[in-house]
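Reader: Could you walk me through the aromatic rings in this protein? I'd like to see how each label is reached.

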Amino acid sequence: MTTDQLHHVQGHDLAQQGVAVESTIKFSMCGSARYSCVVDGDTIWFEGRNLRLQSYDTPEPYTAICGGSAEVALAKKASARLLDLLNTNAFTVETFGLDGTGKRTLATVRVGGRDVGDILISERLARHWPDGDEWWCS
């Protein structure tokens, strides 16, 4: 699997292997227009590219797969926290090819050198993936 870096620098998209450049752009919650927005706590659109943030998983905000309304509420908190992290910090995005659906690019987003997934996990808004317990289901 190849690794490339995806960046936004002075209004230009760059994709280069092995180069990390910090980005600062404003995200919103996704609606019908999806260019740079947060879908949920582990999926974003970044400059028109659908990214599935790897190594962690958050509750589902739309389907309440296992935890009902409590899962949806936690999912909204995770999404809001990710939005806050992206909008209040410079960040880097590292991509790793496509996910199992073939539709999203796997990625790691870091703020201050720290994976946003690790931040959300430490705040009990996410779990490790793929082997973390879906504690919000109980």
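Author: Sure, one term before we start: buried means under 20% relative accessible area, exposed means over 50%, and partly exposed is in between (1.4 Å probe, protein chains only). This is a predicted model, where local features need pLDDT of at least 70, side-chain atom pairs count only at pLDDT 80 or more, and totals for chains, interfaces and linings use all residues. Residues are numbered from 1 along each chain as its sequence is written, and side-chain values use heavy atoms, with hydrogens and water left out.

Reader: Is Phe46 buried or exposed?

Author: Phe46 has a relative accessibility of 1%. The cut-off for the label is under 20%, so Phe46 counts as buried.

Reader: How many aromatic pairs are there?

Author: Rings of Phe, Tyr and Trp (its six-membered ring) pair if their centres lie within 6.5 Å; planes under 30 degrees apart are stacked, over 60 edge-to-face, and the rest tilted. By that rule, the count of aromatic pairs is four.

Reader: What kind of pair do Phe46 and Phe91 make?

Author: Their ring centres are 5.8 Å apart. The planes meet at 75 degrees, so this pair is edge-to-face.

Reader: Which residues do ring pairs link into a cluster?

Author: Phe91 is buried too, with a relative accessible area of 1%. Ring pairs join three names into the cluster: Phe27, Phe46 and Phe91.

Reader: And what kind of pair do Trp135 and Trp136 form?

Author: Trp135 is partly exposed at 22%, while Trp136 is buried at 7%. Their centres lie 5.3 Å apart and their planes are at 75 degrees, so the pair is edge-to-face.
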